[in-house]
Each structure stands twice: as structure tokens, then as C-alpha cells.
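Open the model in your viewer and keep the selection box handy. We will go from stop to stop, picking a few residues each time and looking at what is there.

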Amino acid sequence: MRSKSLTQLVVILILFCFSLLSAATEPEAKSKGHFELGIHYGSWSINLLRSSIEDALSDALQTQLKEPLLEEIQKDYPEIEEKSYSQEISFDSGGDNFGFELRWYPKGKDGSFSLGFSVEKTSMTVSIPDIKVTLESTQGHVFQGEGTGYFDIAPVSAHLSFRWDIKPSWRINPYIIFGFGIAGGSVFDDSEVSYSVSGTLVQLGQVLDTYEQSDTMSLTELKEDMESEGKDFYLPGVFPFIQLNIGVKGEITKNIYLLLDIGVWDGFMIRGGLAIRLF
């Protein structure tokens, strides 16, 4: 159902773009408006949101890690009861974006406003290079473990954007973009969340045993697990995008432009592109 909704949206937007293209080929419109076809590539991260992301990741990881770890230890030492549990994580993020765009300038080359439609592929990776876990029992046992983890998602999305070129008559001119897009909710099924933690169980300074916990799942499966533990984990019906960028556009030769912009793309994005004026 989610994929069907995205497909319907893409079809509607493509038909809309073709209707614009048809209108633009009319003699009156052709003398005024024009289309630009663009391609772009960029780098993505969410490191600017580090503190809030670390809290969310830590909560989700604790749900997946603590109970299975305790159950595994209790298989060998059934007398053990949990006294306290603590967990520390750090994270890093990175990814890229690649897309094709068709943009319509209703007032032609000298017009400021343009409407764009694009299809985007955004690869987003959140790595957890350092996980530290401490579990203490009421009987004096202490488990200390370390590990790593990561989260990958790569939505293909349809976008509609509004751009205002400032001083479009200049050879190099700044611009601002506001836009939005969606990918189908099935992208959550194709995402991947993975972790691996290993460590030792100690009592009175003596190493009793070693244990390891690891798992790989999708966001959909993680949501189901957290809700089974009575914790909230919200996943929307679609994967939404919000875009807010500032950039510069330069004409390198007649009807061919280079673009560079930075801003918000469900995180932070810096990207460059090439656009060609069609007519």
C-alpha cells in the first residue's frame, strides 16, 4: 500500500511536468518560459543533531540488547538478578545524494521563480563505532562489554521544490530553495539496523564467562520489538523529506550552468550540480 501511494504520487508529478512541457511548447509560452534539465550529487550527514540522535539510538539499542543479554547470562547463572544497567554510545553519520531534476521557469531566463520536480536517491548511514555496556547483578556479578553498530537506509524519493534566483540577470547569482519529497514506507522494511557487543562476566575479580550479543533487523522489526516492550517507536506511513537550501548558480557557457548549495535535507547536505537550459 505504501509503495502504491508513492507510485501514484510520482505518476501525478510526472504528468504535471509533462503538462508544463506541453504548455511551454505553445508559441506564446515558448517565447517566454523555459525548462532546465539538471543532475546533481551531494554529501549528507546528521552530525549537527548529535545529542538528540545519540539519545534515540541509545534507547533503541537498550531495548534490543539488555534483555537478551541478561537472559543469555541467566541460562548459565539462573540466580543472577539485575541490579543496574548502563550504556554509553557514540555515533557518526554520512551518506550521499544523487538526483535528476526538471525545472520550469514561467518567465524565462530573466525570471526569478522556478518550479522543480526531481527523483532522488539518498543513502544515509549512521555508524556507532563505540558501544560500552555495564550490567550489575544483586549477587555482585559485573558484565562489561564493548561493541559497534550501524544503521543504513537508502530511500528513492519524489520531490517538488520552489526556487528563487536572486539577480537572475547576473552571470553568477545566489538562490534559495524550499521543497519537500516522500519515499514509500516500504523503505523501512529494506533498512538495516545491526549491532554486536561482546564482553566478560566477572565476580569478585574472577572472570566467570564471556558473552556476545548481535543482531540485524529492519526498522520495521525494531519498531515491533520496542512496542512489544511497551515503548513508543513512531514510523510514519511514508518517509518524508524537507529541503531548505541556499546556493549559487553560475553560467559557464551559453545555456549551461554549474550549481552549488548547502542546507537542510533531513539532515545537512552540501551538493553540486549541472543544469542545461532546454529552450
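**Stop 1: a charged pair between strands**

Start by selecting Asp165 and Lys249, whose side chains form a salt bridge with N and O 3.6 Å apart. Bear in mind on this tour that the model is predicted. Colour the strands next: Asp165 belongs to strand S5 (residues 156-165) and Lys249 to strand S9 (residues 238-253), so this pair ties together parts of the chain that are 84 residues apart in sequence.

Now add Arg163 to the selection. Arg163 is a salt-bridge partner of Asp165 too, with the closest N and O atoms 3.2 Å apart. Extend the selection once more, to Glu36, and you have a network: Glu36, Arg163, Asp165 and Lys249 are joined by salt bridges that share partners.

Are Asp165, Arg163 and Lys249 buried or exposed? Switch on a surface to check. Asp165 has a relative accessibility of 4%, so it counts as buried. Arg163 is buried as well, at 2%, and Lys249 is buried at 5%.

**Stop 2: a pair along one helix**

For another salt bridge, go to helix H3 (residues 50-76) and select Glu72 and Lys75. The closest N and O atoms of Glu72 and Lys75 are 3.5 Å apart. Look down the helix to see the spacing: the two are three residues apart in H3, which means about one helical turn separates them.

Keep the surface on for this stop. Glu72 is partly exposed, at 30% relative accessibility, while Lys75 is exposed, at 63%. If you would like to find the others, the model holds ten salt bridges in total.

**Stop 3: a patch of negative charge**

Which residues gather in a patch of negative charge on the surface? Select Glu71, Asp189, Asp190, Asp215, Glu221, Glu224, Asp225 and Glu229 to show them together. Two helices stand out here, as helix H4 (187-190) and helix H5 (219-228) each supply at least two of the patch residues. H5 gives the most, with three.

Click on Asp189 for a look at the H4 contribution: this residue lies in helix H4 and is partly exposed, with a relative accessible area of 42%.

**Stop 4: the buried side of H5**

Stay with H5, but change the selection to Leu219, Thr220, Leu222 and Met226, which are the buried residues of this helix. Why do they fall on the same side of H5? They cover an arc of only 160 degrees around the axis, and that puts them on the same side.

Step past the end of the helix to Gly230. This glycine follows H5 and has a positive phi, near 80 degrees.

**Stop 5: positive phi without glycine**

Most residues other than glycine have a negative phi. With that in mind, pick Lys167, which is not a glycine and yet has a positive phi of about 60 degrees. You will find Lys167 in the loop between S5 and strand S6 (172-184). Its relative accessibility is 46%, so Lys167 counts as partly exposed.

Where is Asn255 placed? Look in the loop between S9 and strand S10 (256-265). Asn255 also has a positive phi, near 70 degrees, and is a residue other than glycine. At 21% relative accessibility, Asn255 counts as partly exposed.

**Stop 6: two distances to draw**

Finish with the distance tool. In strand S6, select Pro174 and draw a line from its C-alpha atom to that of Trp164: the separation is 8.7 Å, for residues ten apart along the chain. Pro174 is partly exposed, with 29% relative accessibility.

Then move to strand S9 and select Val238. How many residues along the chain lie between the positions of Val238 and Gly181, and what separates their C-alpha atoms? The two are 57 residues apart along the chain, and their C-alpha atoms are separated by 9.9 Å. Val238 is partly exposed, with a relative accessible area of 27%.

Terms used:
Residues numbered from 1 in each chain as written. Heavy atoms only, no water. Patch = residues over 30% accessible without salt bridge, like charges linked within 9 Å, V, L, I, M, F, W, Y side chains within 5 Å. Areas by Shrake-Rupley, 256 points an atom, 1.4 Å probe, with all protein chains shown as cover. Salt bridge = Lys/Arg side-chain N within 4 Å of Asp/Glu carboxyl O. Lys, Arg positive; Asp, Glu negative; His and termini not counted. Charge placed at Lys NZ, Arg CZ, Asp CG, Glu CD. Helix = DSSP H or I, 4+ residues; strand = E, 2+ residues; numbered from the N terminus. Buried < 20%, exposed > 50% of the residue type's maximum accessible area, 1.4 Å probe, protein only. Arc of directions from axis to C-beta.
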